[in-house]
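Hi,

Here is the structure I promised to pass on. Have a look at it first, then read my notes underneath.

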Amino acid sequence: MWCSSPGNGDRGLSRTAAIVDGMTITDEDCLAETLAFNEQFEATAASRPAREEMPDTAALAALRRNRLGGDTPPVRLPQGQDRVIAGEVRARTFIPNRVDGVYLHFHGGGWAFGSADGQDERLWRLAEQTRLAVVSVDYRLAPEHPFPAGPDDCEAAARWLVDRAATEFGTERLLIGGESAGAHLSVVTLLRLRDRHGITGAFQAANLLFGPYDLSMTPSQRSFGSKRLLSNTDTLRRTYEMFTPGMGAEQRRDPDVSPLFADLAGLPAARIVVGTEDPLRDDSLFLAARWQAAGAPVQHSLVAGAMHGFTLFPLTITERELRRERNFLSTTGR
């Protein structure tokens, strides 16, 4: 498979980009490759038994040990340093030779899987190419530590960074972001800083990849069905049950749980990305519209044919997305 090269100056957008609900559809020239990968992924997933209930202890340990979407543990690089910040929050830091800012990163994994050392290669490359120190937070995971444990850790890490960035890293230029659950935690953290501590403007940008922002379930979440891609209606529902046990739909509409229902005033510039084949598509569409209506600039795009978590996989759209991400983080907030 191959994709045509983007034209000069379009920073990786398809030359036939379209607009849907105010969001630009990108990478349509790669649609055949992307859909073929989805089909292969779905066929492989269909050969494995469906997991109808929460994973048992052994299955949970294996999923946490291995990279999301793969079967082997991730690579730990010597450039990553484990440390404890904000009293008792674990984090992994990557510090390039020159530091022009700090990126506070929250990993994905449905608040129950993943870890701060799950993508060392990507985070170290990002640190080097953007000249950002990366602080990736190892927040506590459900079901052992359900809501609000994970958000509490992320809030504590953000407050620590606001207070200590200049001393620790020699800069006060701060950015925040993450993938999937990490994108959700990024927005929750910004709202908590504003509402609980009166902190606005400390973070200059938010980088939000395919996050769930309405845990009572948006229409696209409910209608996606059982297609065996990385995430679907059933897996989302089970994930929410692990993260917020005992909560009903109305309780999950609390803005501290579902930031789509929050007042978004005073938040920084954002980049909001999701694929057209992601059950969380509406979450990004709705959040982008509300974020922009609240007065902050937003870059928002739909990646043609991309499923949830597509950046985990060696695709042309992944290479392009990571370039666009690095460009945003390198230039925003200067």
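Below is what turned up, going from the whole chain down to single residues.

First, please keep in mind that this is a predicted model.

**The whole chain**

The protein chain has 334 residues, and 56% of them count as buried. Its secondary structure adds up to 9 helices and 10 strands. If you take the contacts in the chain with a separation of 6 or more, 78% of them are between residues 24 or more positions apart.

**Helix α3 and the cavity**

Start with α3, which runs over residues 120–130. Its buried residues are D120, R122, L123, W124, L126, A127 and T130. Some background for reading that list: an α-helix has 3.6 residues a turn, so residues three or four places apart point the same way. What covers these buried residues? The cover includes the strands β4 (89–94), β5 (101–106), β6 (132–138), β7 (174–179) and β8 (203–209), together with helix α9 (316–331). Just after α3 comes R131, with a positive phi of about 60°.

I also had the whole structure searched for cavities of 30 Å³ or more, and the search found 1. The volume of this largest cavity is about 30 Å³. Which residues line the largest cavity? They are R122, R125, L126, L322, E325 and R326. The elements that each give two or more residues to that lining are α3 and α9.

**After α9: T332**

Follow the chain past α9 and you come to T332 in the segment after that helix. T332 counts as buried because its relative accessibility is 15%, and the cut-off for buried is under 20%. The side chain of T332 reaches back to the backbone oxygen of F328, at 2.7 Å. Leaving aside neighbours within four places in sequence, T332 is in contact with R173, L175, Q204, A205 and A269. Try picking out the C-alpha atoms of T332 and A206 too: these residues are 126 apart along the chain, yet the two atoms are separated by 9.5 Å.

**Helix α7**

Next is α7, residues 233–243. Its buried residues are T233, L236, R238, T239, Y240, M242 and F243, and they pack against three helices, α4 (149–169), α5 (181–197) and α6 (219–223). The N-terminal end of α7 is capped by N232, which has a side-chain oxygen 3.0 Å from the backbone nitrogen of D234.

**D278, a buried charge**

D278 is worth zooming in on. You'll find it in the loop between β9 (269–277) and α8 (281–293). How far from D278 is the nearest side chain of opposite charge? That side chain belongs to R281 and is 9.6 Å away; D278 is buried yet has no salt bridge. What does the side chain of D278 reach instead? One partner is the backbone nitrogen of L280, at 2.8 Å. Another is the side chain of H308, with which D278 makes a polar contact at 2.9 Å. H308 also appears among the residues in contact with D278 once neighbours within four places in sequence are left aside; the others are F210, F224, A306 and M307.

**Some backbone oddities**

Before the last set, a general point: most residues other than glycine have a negative phi, and most peptide bonds are trans. Here are some exceptions to look up in the model:

- A142 and P143 are joined by a cis peptide bond, with omega at about 5°. P143 sits in the loop between β6 and α4.
- The peptide bond from F147 to P148 is cis as well, with omega near 10°. P148 is also in the loop between β6 and α4.
- S180 has a positive phi, near 55°, and lies in the loop between β7 and α5. S180 counts as buried because its relative accessibility is 12%, with the cut-off at under 20%.
- M217, in the loop between β8 and α6, has a positive phi near 90°. M217 is buried too, with a relative accessible area of 9%.

That's the tour. Have fun clicking through it!

Cheers

Methods: Residues are numbered from 1 along each chain as its sequence is written. This is a predicted model: local features need pLDDT of at least 70, side-chain atom pairs count only at pLDDT 80 or more; totals for chains, interfaces and linings use all residues. Side-chain values use heavy atoms; hydrogens and water are left out. Helices (H or I, at least four residues) and strands (E, at least two) are DSSP runs, numbered from the N terminus. Buried means under 20% relative accessible area, exposed over 50%, partly exposed in between (1.4 Å probe, protein chains only). Lys and Arg count as positive and Asp and Glu as negative; His and the chain ends are not counted. A salt bridge is a side-chain nitrogen of Lys or Arg within 4 Å of a carboxyl oxygen of Asp or Glu. A polar contact is a pair of N or O atoms within 3.5 Å; within protein, one must be able to donate a hydrogen and the other to accept it, and residues adjacent in sequence count only if both atoms are side-chain atoms. Contact means heavy atoms within 4.5 Å. On a 1 Å grid over the protein atoms alone, a cavity is a set of points where a 1.4 Å probe fits but cannot get out, and a pocket is an open set with protein on both sides within 12 Å along at least five of seven lines; lining residues have an atom within 4 Å of a point. Grid points are joined across faces, edges and corners, and a volume is the space filled by probe spheres set on the points.
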